[in-house]
Amino acid sequence: MALDPSFIGRSYPPTEPYEVGREKIREFATAIGDANPAYTDPEAAKALGHPDVIAPPTFPFVITYRAAGQVVEDPELGLDFSRVVHGDQKFVYTRPVRAGDRLSVAVTIDNIKSLAGNDVLTVRGEVTDGTGEHVVTSVMTLVARAADEAGE
């Protein structure tokens, strides 16, 4: 059953703040195989004009995906997560994520469409710091695969 397009524009409450730690940034950079010293060495980051280490550009996925859970788990929307695949991800930055940031995410359903029986859901996450200043916008596309003819 197709998702209801009247959910386009629905927003969800901001998440509790997530404190970005140096160790989390280092672990993430290691996991993705990026040895940029700005991610692990405070002095290297300061030499680039940052107050502390910065996170790799895809780091916000850690918190924006969790925030998108509000959409996925919304019983009124009726999304069958067992059929969902991550279709696309984009980030638009105001500034890099830094160690010490306390980030919250407010998510909004930007679009719902049906393609070949699949539901395509676009979820935007606005990430702000502890002062309310914008840090990054995440745009995530989720695809809920259509059930096959056997209903599976």
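Where does Ala116 lie in this chain? Ala116 sits in the loop between β3 and β4. That loop is a good doorway into this predicted model, and we will come back to Ala116 after a walk through the rest of the chain.

**The overall picture**

The protein chain has 3 helices and 5 strands. Read from the N terminus, these elements follow the order β-α-α-α-β-β-β-β. The C-alpha trace spans about 60 × 30 × 20 Å along its principal axes. Of the 152 residues in the chain, 41% are buried.

Contacts between distant parts of the sequence are worth a look here. Among contacts with a separation of 6 or more, 70% join residues 24 or more positions apart. On the outside, the accessible surface of the chain comes to about 8300 Å², and carbon and sulfur atoms supply 53% of that. As for charge, the chain carries 14 positive and 23 negative side chains, with the centres of the two sets 4 Å apart.

**The nonpolar core**

In soluble globular proteins, nonpolar side chains tend to be buried together. Here, the largest nonpolar core has 37 residues, and those with the most contacts inside it are Ile25, Phe59, Val71, Leu77, Leu79, Ile109 and Leu121. Helices and strands both take part: α1 (22-32), α3 (61-72), β3 (102-115), β4 (118-128) and β5 each give two or more residues to this core.

Leu121 shows how such a core residue is surrounded. Beyond the residues up to four places away in sequence, Leu121 touches Leu3, Val71, Leu77, Leu79, Ile109, Asn111, Ile112, Met140, Thr141 and Leu142. Val71, Leu77, Leu79 and Ile109 in that list are also named among the core residues with the most contacts.

**Helix α1 and its two sides**

Which residues of α1 are buried? They are Ile25, Phe28 and Ala29. These three cover an arc of only 100° around the axis, so they fall on the same side of α1. An α-helix has 3.6 residues a turn, so residues three or four places apart point the same way. The other side of α1 holds Thr30 and Ala31, which are exposed. The buried residues of the helix pack against α3. Just after α1 comes Gly33, with a positive phi of about 75°.

On the α3 side of the story, Ile63 is a helpful residue to click on. Ile63 belongs to helix α3, and it is buried because its relative accessibility is 6%, below the 20% cut-off. Leaving out residues up to four places away in sequence, Ile63 touches Tyr18, Leu103, Val105 and Val127. Ile63 and Tyr18 are 45 residues apart in sequence, yet their C-alpha atoms are 7.5 Å apart in space.

**Residues in strands β4 and β5**

Here are residues from several elements, set side by side by relative accessibility.

| Residue | Relative accessibility | Class |
|---|---|---|
| Ile63 | 6% | buried |
| Thr141 | 16% | buried |
| Arg124 | 24% | partly exposed |
| His134 | 27% | partly exposed |
| Ala116 | 80% | exposed |

Thr141 lies in strand β5, which covers residues 134-144. Apart from residues up to four places away in sequence, Thr141 touches Val85, His86, Gly87, Asp88, Val120, Leu121 and Thr122.

His134 is also in β5. With neighbours within four places in sequence left aside, His134 is in contact with Val92, Thr94, Glu126, Val127 and Thr128. His134 and Lys24 are 110 residues apart in sequence, and 21 Å separates their C-alpha atoms.

Arg124 is placed in strand β4. Again setting aside residues up to four places away in sequence, Arg124 touches Ala106, Val107, Thr108, Asp110, Thr137 and Ser138. The C-alpha atoms of Arg124 and Leu79 are separated by 17 Å, with the two positions 45 residues apart along the chain.

**Back to Ala116**

Is Ala116 buried or exposed? Ala116 is exposed, because its relative accessible area is 80%, and the cut-off for that class is over 50%. The backbone deserves a glance too. Most residues other than glycine have a negative phi. Ala116, by contrast, has a positive phi near 50°. In the loop between β3 and β4, then, is a residue that is worth inspecting in the viewer.

Notes
Residues numbered from 1 in each chain as written. Heavy atoms only, no water. Helix = DSSP H or I, 4+ residues; strand = E, 2+ residues; numbered from the N terminus. Buried < 20%, exposed > 50% of the residue type's maximum accessible area, 1.4 Å probe, protein only. Contact = heavy atoms within 4.5 Å. Areas by Shrake-Rupley, 256 points an atom, 1.4 Å probe, with all protein chains shown as cover. Lys, Arg positive; Asp, Glu negative; His and termini not counted. Charge placed at Lys NZ, Arg CZ, Asp CG, Glu CD. Core = buried A, V, L, I, M, F, W, Y, C linked by side-chain atoms within 4.5 Å. Arc of directions from axis to C-beta.
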